[in-house]
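Work through the exercises below with the structure open beside the text. Each task is followed by a solution in steps.

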Amino acid sequence: MTPGSQQRPAPVVEVVDLLFELTDRVKAQFAMVTGSLQLQVPQARALLRINGPVSMRDLAARLRCDASNMTGIIDGLHAGGLVERQALPNDRRVKQVVLTEEGKRLQTRLRQRLAVGVPVLGTLDDTERQELHAILLRVVERS
């Protein structure tokens, strides 16, 4: 770049392409980490989204998946002793999902492994990670 010239913003197409590349790398690492913990990717995603009692419908919305898919995902987590289903006291038709103690421990281990196991983000220093976090948060909140 010559002195006095201004840097042009990256074309949207290039930004989207880079986001896809980053997403592919993060997904691959996520699959490796979840596999090492004997979890399927959808189960691990659900496990990370359960913070207190949550209805299966709300959990499906958080995961952006069809509510009919949640039964199989929760069945697998339940079979592993990681979640329990509880009926709402005021509406026994609605089932809430809660983590068991084992589920909480596995959720913590999963988060710890993901925190150190994402090499695409490991090359950033703390300030860069905070900046990226702020940008991504703004983008997600605006969409």
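**Exercise 1. The end of a helix**

Task: Determine which residue just after helix 4 takes a positive phi, and give the value.

Solution. The model is a predicted one. Just after helix 4 comes glycine 81, with a positive phi of about 75°.

**Exercise 2. Span and sides of helix 4**

Task: Compare the reach of helix 4 with the expected span, then sort its residues into buried and exposed.

Solution.
1. Helix 4 consists of 13 residues, 67–79. From the first C-alpha to the last it reaches 19 Å, close to the 18 Å expected at 1.5 Å a residue.
2. Buried residues have under 20% relative accessible area. In helix 4, Met70, Ile73, Ile74 and Leu77 are buried.
3. These buried residues are on the same side of helix 4, because they cover an arc of only 100° around the axis.
4. Ser68 and Ala79, on the other side of helix 4, are exposed.
5. The cover over the buried residues of helix 4 includes helix 2 (41–49), helix 3 (56–63), strand 2 (83–88) and strand 3 (91–99).
6. Helix 4 lies across strand 2 and strand 3, and runs at about 120° to strand 2.

**Exercise 3. Packing of two helices**

Task: Classify the packing of helix 2 and helix 3 from the angle between them, and list the residues that make the contact.

Solution.
1. The angle between helix 2 and helix 3 is about 110°, and their axes are 10 Å apart.
2. Angles of 65 to 115 degrees count as roughly perpendicular. Helix 2 and helix 3 are therefore roughly perpendicular to each other.
3. Helix 2 makes the contact with Arg45, Ala46 and Arg49, and helix 3 with Leu59, Arg62 and Leu63.

**Exercise 4. Layout of the sheet**

Task: Establish the strand order of the sheet and state which strands stand at its edges.

Solution.
1. The sheet is open and has 3 strands in the order 1-3-2, with antiparallel pairing.
2. Strand 1 (54–55) and strand 2 stand at the edges with a single partner strand each, so one side of each has no neighbour in the sheet.
3. Strand 2 pairs with strand 3 in the antiparallel sense over 6 bridges, and a hairpin joins strand 2 to strand 3 through 2 residues.
4. Strand 1 and strand 3 are paired, also antiparallel, over 2 bridges.
5. As one register point between strand 2 and strand 3, alanine 87 stands opposite lysine 95 in strand 3.

**Exercise 5. Surroundings of glutamine 96**

Task: Is glutamine 96 buried or exposed? Identify what stands opposite glutamine 96 and what is in contact with it.

Solution.
1. Glutamine 96 lies in strand 3.
2. Its relative accessibility is 18%, so glutamine 96 counts as buried.
3. Glutamine 96 is the bridge partner of glutamine 86, and serine 55 also stands opposite glutamine 96.
4. With neighbours within four places in sequence left aside, glutamine 96 is in contact with Pro53, Val54, Ser55, Glu84, Arg85, Gln86 and Leu88.

Notes: Residues are numbered from 1 along each chain as its sequence is written. This is a predicted model: local features need pLDDT of at least 70, side-chain atom pairs count only at pLDDT 80 or more; totals for chains, interfaces and linings use all residues. Side-chain values use heavy atoms; hydrogens and water are left out. Helices (H or I, at least four residues) and strands (E, at least two) are DSSP runs, numbered from the N terminus. The expected span of a helix is 1.5 Å times one less than its number of residues. Buried means under 20% relative accessible area, exposed over 50%, partly exposed in between (1.4 Å probe, protein chains only). The arc is that of the directions from the helix axis to the C-beta atoms. Contact means heavy atoms within 4.5 Å. Two strands pair if DSSP finds at least two bridges between them. Axes are lines fitted to C-alpha atoms, for helices over the stretch in contact, and angles run from 0 to 180 degrees between N-to-C directions. Angles under 35 degrees count as roughly parallel, over 145 as roughly antiparallel, 65 to 115 as roughly perpendicular and the rest as oblique.
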